[in-house]
Amino acid sequence: PLTFKEKFRLFARQTYDPATIAGAALGAAISQSHNGDPKYGEGWGPYGERFGAAMANLTSQNFFGGVLLAAAFHEDPRYFRRGPQYGFWDRFGYSLSRVVIARTDNGTDRFSYSSTLGMAMGIGLSNTYYPASSVNGAEIASRFGTSLISSALSNILPEFWPDIHQKLFHKRVKPQSASGPSKTAVPSVPSIKEGSAGPK
(Lines give C-alpha, C1' and ligand atoms only; values in the text may rest on other atoms or scores of the structure.)
Protein backbone atom coordinates (compact mmCIF):
# COMPACT_ATOMS: atom_id res chain seq x y z
CA PRO A 1 0.00 0.00 0.00
CA LEU A 2 1.02 3.60 -0.58
CA THR A 3 1.85 5.85 2.33
CA PHE A 4 0.19 9.26 2.67
CA LYS A 5 3.34 10.87 1.29
CA GLU A 6 3.36 8.54 -1.72
CA LYS A 7 -0.30 9.26 -2.41
CA PHE A 8 0.48 12.97 -2.36
CA ARG A 9 3.38 12.51 -4.80
CA LEU A 10 1.14 10.50 -7.10
CA PHE A 11 -1.49 13.27 -6.95
CA ALA A 12 1.11 15.88 -7.89
CA ARG A 13 2.44 13.85 -10.84
CA GLN A 14 -1.03 13.14 -12.18
CA THR A 15 -2.39 16.66 -11.75
CA TYR A 16 0.55 18.57 -13.22
CA ASP A 17 1.43 16.15 -15.98
CA PRO A 18 1.75 18.00 -19.34
CA ALA A 19 -1.03 15.87 -20.84
CA THR A 20 -3.38 16.84 -18.00
CA ILE A 21 -2.59 20.53 -18.45
CA ALA A 22 -3.10 20.23 -22.21
CA GLY A 23 -6.46 18.55 -21.61
CA ALA A 24 -7.54 21.40 -19.35
CA ALA A 25 -6.46 23.95 -21.96
CA LEU A 26 -8.40 22.10 -24.67
CA GLY A 27 -11.51 21.82 -22.49
CA ALA A 28 -11.35 25.53 -21.74
CA ALA A 29 -11.04 26.28 -25.47
CA ILE A 30 -14.09 24.16 -26.28
CA SER A 31 -16.10 25.90 -23.56
CA GLN A 32 -14.83 29.27 -24.82
CA SER A 33 -15.90 28.52 -28.40
CA HIS A 34 -19.60 28.47 -27.47
CA ASN A 35 -19.44 30.45 -24.21
CA GLY A 36 -20.39 27.39 -22.20
CA ASP A 37 -20.17 26.91 -18.47
CA PRO A 38 -18.50 28.37 -16.57
CA LYS A 39 -19.86 31.50 -18.26
CA TYR A 40 -16.97 33.90 -17.87
CA GLY A 41 -17.62 35.57 -21.22
CA GLU A 42 -15.56 35.84 -24.40
CA GLY A 43 -11.99 36.94 -25.08
CA TRP A 44 -8.55 35.99 -23.81
CA GLY A 45 -9.25 37.11 -20.25
CA PRO A 46 -12.28 34.84 -19.84
CA TYR A 47 -10.35 32.03 -21.53
CA GLY A 48 -7.65 32.38 -18.87
CA GLU A 49 -10.36 32.22 -16.21
CA ARG A 50 -11.81 29.09 -17.78
CA PHE A 51 -8.39 27.44 -17.92
CA GLY A 52 -7.68 28.42 -14.31
CA ALA A 53 -11.05 27.02 -13.24
CA ALA A 54 -10.37 23.76 -15.11
CA MET A 55 -7.01 23.33 -13.38
CA ALA A 56 -8.53 24.24 -10.02
CA ASN A 57 -11.24 21.61 -10.56
CA LEU A 58 -8.67 18.93 -11.40
CA THR A 59 -6.42 19.88 -8.51
CA SER A 60 -9.17 19.94 -5.89
CA GLN A 61 -10.87 16.73 -7.02
CA ASN A 62 -7.57 14.87 -7.30
CA PHE A 63 -6.40 16.14 -3.92
CA PHE A 64 -9.62 15.35 -2.08
CA GLY A 65 -10.09 11.97 -3.75
CA GLY A 66 -6.52 10.80 -4.26
CA VAL A 67 -4.91 12.07 -1.06
CA LEU A 68 -7.17 13.09 1.83
CA LEU A 69 -10.06 10.66 1.34
CA ALA A 70 -7.87 7.89 -0.07
CA ALA A 71 -5.88 8.04 3.15
CA ALA A 72 -8.98 8.30 5.35
CA PHE A 73 -10.76 5.35 3.69
CA HIS A 74 -7.54 3.36 3.14
CA GLU A 75 -8.09 3.18 -0.62
CA ASP A 76 -5.42 2.96 -3.31
CA PRO A 77 -5.69 5.77 -5.93
CA ARG A 78 -3.65 3.87 -8.53
CA TYR A 79 -5.16 2.16 -11.55
CA PHE A 80 -4.46 -1.58 -11.65
CA ARG A 81 -4.56 -3.08 -15.15
CA ARG A 82 -6.70 -6.09 -15.98
CA GLY A 83 -4.11 -7.21 -18.51
CA PRO A 84 -3.98 -8.85 -21.95
CA GLN A 85 -4.87 -12.29 -20.61
CA TYR A 86 -8.50 -11.09 -20.63
CA GLY A 87 -10.66 -10.25 -23.64
CA PHE A 88 -11.19 -6.74 -25.02
CA TRP A 89 -14.74 -6.20 -23.74
CA ASP A 90 -13.89 -7.63 -20.35
CA ARG A 91 -11.01 -5.17 -20.03
CA PHE A 92 -13.04 -2.28 -21.44
CA GLY A 93 -15.85 -2.80 -18.93
CA TYR A 94 -13.35 -3.28 -16.12
CA SER A 95 -11.56 -0.01 -16.92
CA LEU A 96 -14.84 1.94 -16.91
CA SER A 97 -15.95 0.34 -13.65
CA ARG A 98 -12.84 1.49 -11.79
CA VAL A 99 -14.31 4.96 -11.46
CA VAL A 100 -16.72 3.64 -8.81
CA ILE A 101 -14.73 0.60 -7.61
CA ALA A 102 -11.49 1.06 -5.70
CA ARG A 103 -8.82 -1.28 -4.42
CA THR A 104 -8.25 -0.90 -0.72
CA ASP A 105 -4.83 -0.72 0.86
CA ASN A 106 -5.16 -4.39 1.84
CA GLY A 107 -5.89 -5.45 -1.75
CA THR A 108 -9.68 -5.97 -1.78
CA ASP A 109 -12.19 -4.26 -4.08
CA ARG A 110 -15.12 -2.15 -2.90
CA PHE A 111 -17.15 0.94 -3.75
CA SER A 112 -14.81 3.91 -4.24
CA TYR A 113 -15.76 6.31 -1.47
CA SER A 114 -12.66 8.44 -1.99
CA SER A 115 -13.16 8.98 -5.72
CA THR A 116 -16.90 9.65 -5.57
CA LEU A 117 -16.83 11.90 -2.52
CA GLY A 118 -13.68 13.63 -3.81
CA MET A 119 -15.51 14.61 -6.99
CA ALA A 120 -18.45 15.94 -4.98
CA MET A 121 -16.16 17.96 -2.69
CA GLY A 122 -14.23 19.40 -5.64
CA ILE A 123 -17.43 20.42 -7.39
CA GLY A 124 -18.72 21.97 -4.18
CA LEU A 125 -15.54 24.01 -3.89
CA SER A 126 -15.81 25.13 -7.52
CA ASN A 127 -19.11 26.83 -6.70
CA THR A 128 -17.09 29.42 -4.77
CA TYR A 129 -15.21 30.62 -7.87
CA TYR A 130 -17.67 29.88 -10.69
CA PRO A 131 -19.82 32.82 -11.87
CA ALA A 132 -23.29 32.89 -10.30
CA SER A 133 -24.95 32.07 -13.62
CA SER A 134 -23.12 28.72 -13.66
CA VAL A 135 -24.02 27.69 -10.11
CA ASN A 136 -27.36 25.91 -10.07
CA GLY A 137 -28.69 22.42 -9.51
CA ALA A 138 -28.70 21.37 -13.15
CA GLU A 139 -25.16 22.62 -13.78
CA ILE A 140 -23.81 20.96 -10.62
CA ALA A 141 -25.40 17.65 -11.63
CA SER A 142 -23.98 18.04 -15.15
CA ARG A 143 -20.49 18.68 -13.76
CA PHE A 144 -20.68 15.61 -11.55
CA GLY A 145 -21.79 13.44 -14.48
CA THR A 146 -19.07 14.86 -16.71
CA SER A 147 -16.44 14.18 -14.03
CA LEU A 148 -17.59 10.57 -13.69
CA ILE A 149 -17.56 10.00 -17.45
CA SER A 150 -14.17 11.64 -18.01
CA SER A 151 -12.64 9.69 -15.11
CA ALA A 152 -14.02 6.42 -16.47
CA LEU A 153 -12.77 7.13 -19.99
CA SER A 154 -9.34 8.13 -18.70
CA ASN A 155 -8.87 4.55 -17.44
CA ILE A 156 -9.01 3.16 -20.97
CA LEU A 157 -5.58 4.49 -21.91
CA PRO A 158 -3.57 2.91 -19.05
CA GLU A 159 -5.42 -0.36 -19.62
CA PHE A 160 -4.65 -0.69 -23.33
CA TRP A 161 -1.70 1.60 -24.06
CA PRO A 162 1.03 -0.86 -22.97
CA ASP A 163 -0.35 -3.39 -25.49
CA ILE A 164 -0.56 -0.77 -28.25
CA HIS A 165 2.94 0.48 -27.45
CA GLN A 166 4.32 -3.04 -27.63
CA LYS A 167 2.73 -3.68 -31.04
CA LEU A 168 3.65 -0.34 -32.59
CA PHE A 169 7.07 0.41 -31.15
CA HIS A 170 8.78 -2.91 -30.53
CA LYS A 171 12.14 -3.19 -32.27
CA ARG A 172 13.41 -6.21 -34.07
CA VAL A 173 17.06 -6.92 -33.31
CA LYS A 174 19.02 -8.30 -36.23
CA PRO A 175 20.98 -11.51 -35.50
CA GLN A 176 24.71 -10.94 -35.09
CA SER A 177 25.56 -13.92 -37.26
CA ALA A 178 23.92 -15.38 -40.32
CA SER A 179 23.27 -18.64 -38.53
CA GLY A 180 22.04 -17.12 -35.29
CA PRO A 181 18.33 -16.83 -34.50
CA SER A 182 16.61 -13.46 -34.84
CA LYS A 183 15.48 -11.84 -31.63
CA THR A 184 12.72 -9.39 -30.83
CA ALA A 185 13.24 -6.80 -28.16
CA VAL A 186 9.98 -5.94 -26.42
CA PRO A 187 9.86 -3.09 -23.90
CA SER A 188 8.86 -4.16 -20.43
CA VAL A 189 5.26 -3.37 -19.51
CA PRO A 190 4.43 -2.58 -15.89
CA SER A 191 1.52 -4.50 -14.43
CA ILE A 192 0.32 -1.44 -12.55
CA LYS A 193 -0.33 1.96 -14.15
CA GLU A 194 -0.26 4.75 -11.62
CA GLY A 195 -3.43 6.76 -11.43
CA SER A 196 -6.42 7.71 -13.51
CA ALA A 197 -6.74 10.41 -15.69
CA GLY A 198 -9.63 11.61 -14.52
CA PRO A 199 -10.04 13.58 -11.53
CA LYS A 200 -9.15 11.24 -8.76
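Buried means under 20% relative accessible area, exposed means over 50%, and partly exposed is what falls in between. Keep those cut-offs handy for the exercises below, and remember that this is a predicted model.

**Exercise 1. Sort the salt-bridge partners R82 and D90: are they buried or exposed, or in between?**

Step 1. Start with the contact itself: the side chains of R82 and D90 form a salt bridge, 2.9 Å from N to O.

Step 2. Take D90. Its relative accessible area is 37%, so D90 is partly exposed.

Step 3. Now R82. At 29%, R82 is partly exposed as well.

**Exercise 2. Work out which residues share a salt-bridge network with R81, and what the pair R81 and D163 ties together.**

Step 1. Some background: side chains of opposite charge can pair when their charged atoms come close. In this model there are 9 salt bridges.

Step 2. One of them joins the side chains of R81 and D163, at 3.3 Å from N to O. R81 sits in the loop between β2 and α4 while D163 belongs to helix α7, so the pair ties together parts that are 82 residues apart in sequence.

Step 3. Check burial. R81 has 13% relative accessibility and therefore counts as buried. D163, with 18%, is buried too.

Step 4. Widen the view: R81, R91, E159 and D163 are linked in a network of salt bridges.

**Exercise 3. Describe the sheet, then follow D76 through its contacts.**

Step 1. Lay out the strands. The open sheet has 3 strands in the order β1-β3-β4, and the pairing is antiparallel. Its edges are β1 (75-76) and β4 (109-111), each of which pairs on one side only.

Step 2. Look at one pairing. β1 and β3 (residues 101-104) run antiparallel and are joined by 2 bridges. D76 has R103 in β3 as its bridge partner.

Step 3. Turn to the side chain of D76. It meets that of R78 in a salt bridge, 2.6 Å from N to O.

Step 4. Compare the accessibilities. D76 is at 7% and so counts as buried, whereas R78, with 22%, is partly exposed.

**Exercise 4. Find which side of α4 is buried and what it packs against.**

Step 1. List the buried residues of α4 (88-97): they are R91, Y94 and S95.

Step 2. Use the arc. These residues cover an arc of only 100° around the axis, which puts them on the same side of α4.

Step 3. Name the neighbours. The buried residues of α4 pack against β2 (79-80), α6 and α7.

Step 4. Link back to the salt bridges: R91, one of these buried residues, is also part of the network with R81, E159 and D163.

**Exercise 5. Test the span of helix α6, then see what covers its buried residues.**

Step 1. Do the span check. Helix α6 (residues 137-154) has 18 residues, so at 1.5 Å a residue it should span 26 Å; the end C-alpha atoms are 26 Å apart, which agrees.

Step 2. Look at the start of the helix. There, a side-chain oxygen of N136 comes within 3.2 Å of the backbone nitrogen of A138.

Step 3. Pick out the buried residues: E139, R143, S147, S151, A152 and S154.

Step 4. Find their cover. It includes α3 (44-72), α4, α5 (113-126) and α7 (156-169).

**Exercise 6. Which backbone angles deserve a second look in the loop between α2 and α3, and what is the phi of H74?**

Step 1. Set the baseline: most residues other than glycine have a negative phi, and most peptide bonds are trans.

Step 2. Check the peptide bonds. From D37 to P38 the bond is cis, with omega near -5°, and P38 lies in the loop between α2 and α3.

Step 3. Check phi. N35, a residue other than glycine, has a positive phi near 50°. N35 is in the loop between α2 and α3, and its relative accessible area of 26% makes it partly exposed.

Step 4. Move on to the loop between α3 and β1, where H74 is found. H74 isn't a glycine either, yet its phi is positive, about 55°.

**Exercise 7. Place A22 and say how far it is from F51.**

Step 1. A22 is in helix α2 (residues 18-33). With 45% relative accessibility, A22 counts as partly exposed.

Step 2. Along the sequence, A22 and F51 are 29 residues apart; in space, they are 9.9 Å apart, C-alpha to C-alpha.

Notes: Residues are numbered from 1 along each chain as its sequence is written. This is a predicted model: local features need pLDDT of at least 70, side-chain atom pairs count only at pLDDT 80 or more; totals for chains, interfaces and linings use all residues. Side-chain values use heavy atoms; hydrogens and water are left out. Two strands pair if DSSP finds at least two bridges between them. Helices (H or I, at least four residues) and strands (E, at least two) are DSSP runs, numbered from the N terminus. The expected span of a helix is 1.5 Å times one less than its number of residues. Buried means under 20% relative accessible area, exposed over 50%, partly exposed in between (1.4 Å probe, protein chains only). Contact means heavy atoms within 4.5 Å. A polar contact is a pair of N or O atoms within 3.5 Å; within protein, one must be able to donate a hydrogen and the other to accept it, and residues adjacent in sequence count only if both atoms are side-chain atoms. The arc is that of the directions from the helix axis to the C-beta atoms. A salt bridge is a side-chain nitrogen of Lys or Arg within 4 Å of a carboxyl oxygen of Asp or Glu.
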